[in-house]
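Here's a quick tour of a protein model for someone who works at the bench. Have a look at the fold first, then go through the notes by topic.

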Amino acid sequence: VGKRCSLKYTRQLIDAIHDGSLAKLPDSEWEEMPIFGLKMPKNAIKDVPKEILRPHEAWVKAGQTPEAFQKQAAQLASLFKKNFVDFSDRCSPAVRAAGPKV
């Protein structure tokens, strides 16, 4: 469904990491992504549109429904959990607990 992030945006995100602007964002500027628990910025970073940083919004902007996104995210999380079974015995409890919540 998606496309690769453009090199222009990738460079801007790396610059935001290197110049500390991401680290300077207060907790109130981040939102946790359901299922995966990843932190997403609530707004654009540099010139990177927020839709690129927020998968649900990118999905909807591309013409898909929010329900289709949730279904696909749950499917991806299930695949991740199934694959992770082979490696979980070599990981700490913290790493095992950080996986997707399905």
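**Charges and overall picture**

The chain carries 17 positive and 12 negative side chains, and the centres of those two sets sit 4 Å apart. For that tally, Lys and Arg count as positive and Asp and Glu as negative, while His and the chain ends are not counted. Each charge is placed at NZ of Lys, CZ of Arg, CG of Asp or CD of Glu.

Keep in mind that this is a predicted model: local features need pLDDT of at least 70, side-chain atom pairs count only at pLDDT 80 or more, and totals for chains, interfaces and linings use all residues. Residues are numbered from 1 along each chain as its sequence is written, and side-chain values use heavy atoms, with hydrogens and water left out.

**Fold and surface**

- You'll find five helices and two strands in the chain, taken as DSSP runs numbered from the N terminus (helices are H or I, at least four residues; strands are E, at least two).
- Going along the sequence, the order is α-β-β-α-α-α-α.
- Measuring along the principal axes is how the box is set, and the C-alpha atoms fill roughly 40 × 35 × 25 Å.
- Out of 102 residues in the chain, 21% count as buried; buried means under 20% relative accessible area, exposed means over 50%, and partly exposed is in between (1.4 Å probe, protein chains only).
- The accessible surface of the chain adds up to about 7600 Å², and 58% of that belongs to carbon and sulfur atoms; these areas come from the Shrake-Rupley method with a 1.4 Å probe, and for residues only the protein chains shown count as cover.
- Take the contacts in the chain with a separation of 6 or more: residues 24 or more positions apart account for 37% of them, where contact means heavy atoms within 4.5 Å.

**Nonpolar cores**

- The largest nonpolar core has eight residues in all: M33, I35, F36, M40, W59, F69, A73 and A77.
- Helix α4 (residues 66–84) supplies the largest share of this core, with three residues.
- There is also a second, separate core of five residues, and Y9, I45, V48 and L53 are among them.
- A nonpolar core here is a set of buried Ala, Val, Leu, Ile, Met, Phe, Trp, Tyr and Cys residues joined through side-chain atoms within 4.5 Å.
- If residues up to four places away in sequence are not counted, A73 touches I35 and F36.

**A closer look at Y9**

- Y9 belongs to helix α1 (residues 7–18), and this residue is buried, at a relative accessible area of 19%.
- Setting aside neighbours within four places in sequence, Y9 is in contact with D47, V48, P49 and I52.
- From Y9 to I52 is 43 residues in sequence, yet their C-alpha atoms are 8.8 Å apart in space.

**Salt bridges**

- Side chains of opposite charge can pair when their charged atoms come close.
- The structure holds six salt bridges, each being a side-chain nitrogen of Lys or Arg within 4 Å of a carboxyl oxygen of Asp or Glu.
- E32 and K39 pair through their side chains at 4.0 Å, N to O; E32 is partly exposed at 47% relative accessible area, whereas K39 is exposed at 55%.
- K50 and E57 form another salt bridge, at 3.8 Å, N to O.
- E57 also bridges to R54, with the closest N and O atoms 2.7 Å apart.
- Burial varies here: K50 is partly exposed at 30% relative accessible area, E57 is partly exposed at 23%, and R54 is buried at 9%.
- E31, K50, R54 and E57 are linked in a network of salt bridges.

**Loop residues with positive phi**

- I35 has phi near 75 degrees, a positive value in a residue other than glycine.
- I35 sits in the loop between β1 (30–32) and β2 (39–41) and is buried, with a relative accessible area of 18%.
- K46 also has a positive phi, near 55 degrees, and is a residue other than glycine.
- K46 is placed in the loop between β2 and α2 (50–53), and counts as partly exposed at 43% relative accessibility.
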